[in-house]
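Work through the exercises below with the model open. Try each task before you read its solution.

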Amino acid sequence: MRCPCRETLYTIRGMKPRYEYYVCRGRQMKLGCHEKPLKREEIEYKVHELIRTVFTQPAVLRSLLAKRFRGGALRDEQQQLLQRARSEISRLKNERARLLNLRAKDLFSEEEIEKEAHRINGEIAPWNATISRVERDMANAVVTDENIAAAAIASVFAEFESLQKTERRNLLHKFVSALFVDGGTITKATVRVPVGSVLKLEMPLTKFRPFFL
Ligand SMILES: [Zn+2]
């Protein structure tokens, strides 16, 4: 678990022996952090609520992951193809503009100009088609990725409620690489999603704050 100051939270036993607390390493080491210690059982309850209301709910996960995929997961290959198509189109349009310039100067016959313009337009069309196709593929890929990742996370945590305490801890250690806690609220989670290879996803949970207050 992480503090807003990015330092690690760890547990200590409180004055009342019954309670354990999570405290920030940055606060303990007097590195300028002022986050208050958090009761361990309260944080554990919130982790449990997070799993119940978010990690086991594919629809909720999809909406949290949508932004993540739109923000950064566009494939390089597709991006490069888009870039190439756009630069080819702009090159051909420049060529067409030069051609119209030649017409104005009366250097070529109307027929020659027509023929050349026809060729240029014929080359622009497939590049435009490429752009439409790649953009459509990218939009579809976004939906698929969100669905796959959401389903994978939900299935990993589906049995959580029925597990023993140590099994729960093992599951969390295996699939959740960081939980960010701010003022006693879990604001962000980094989850390792097993979809073919392992994908690391950071999810902002701030809009789910009301669940945890
Ligand atoms: Zn701190």
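Four exercises follow, each with a worked solution.

This is a predicted model: local features need pLDDT of at least 70, side-chain atom pairs count only at pLDDT 80 or more, and totals for chains, interfaces and linings use all residues. Residues are numbered from 1 along each chain as its sequence is written.

**Exercise 1. The sheet**

Find the order of the strands in the open sheet, and name its edge strands.

Solution.
- Start with the terms. Helices (H or I, at least four residues) and strands (E, at least two) are DSSP runs, numbered from the N terminus. Two strands pair if DSSP finds at least two bridges between them.
- Read the order. The open sheet has 3 strands, arranged β1-β2-β3, with antiparallel pairing.
- Pick the edges. β1 and β3 each pair on one side only, which makes them the edge strands.
- Check one pair. β1 and β2 are joined in the antiparallel sense by 5 bridges. I12 lies opposite Y21 in β2.

**Exercise 2. Positive phi**

Place R6 and K30 in the chain, and decide for each: buried or exposed?

Solution.
- Take R6. Its phi is near 75 degrees, a positive value in a residue other than glycine. R6 sits in the segment before β1 (9–13).
- Take K30. Its phi is near 55 degrees, again positive in a residue other than glycine. K30 lies in the loop between α1 (25–28) and β3 (38–39).
- Apply the cut-offs. A residue is buried if 20 or more other C-beta atoms lie within 10 Å of its own, exposed if 12 or fewer, and partly exposed in between; C-beta atoms are placed from the backbone.
- Count. R6 is exposed because it has 12 other C-beta atoms within 10 Å. K30 is exposed because it has 7.

**Exercise 3. A helix residue**

Decide whether L64 is buried or exposed, and give its C-alpha separation from E146.

Solution.
- Locate L64: helix α3.
- Count. L64 has 23 C-beta neighbours inside 10 Å, so it is buried.
- Look across the chain. L64 and E146 are 82 residues apart in sequence, and their C-alpha atoms are separated by 9.0 Å.

**Exercise 4. The core**

Which residues have the most contacts inside the largest nonpolar core?

Solution.
- Define it. A nonpolar core is a set of buried Ala, Val, Leu, Ile, Met, Phe, Trp, Tyr and Cys residues joined through C-beta atoms within 7 Å.
- Name the residues. The largest core has 27 residues, and I153, L179, V181 and I186 have the most contacts inside it.
- Find the sources. Elements giving two or more residues include α2 (40–55) and α5 (110–157). The largest share, 5 residues, comes from α2.
- Follow L179. Contact means C-beta atoms, placed from the backbone, within 7 Å. Leaving aside neighbours within four places in sequence, L179 contacts M1, R2, V47, I186 and A189.

Terms used:
Contact = placed C-beta atoms within 7 Å.
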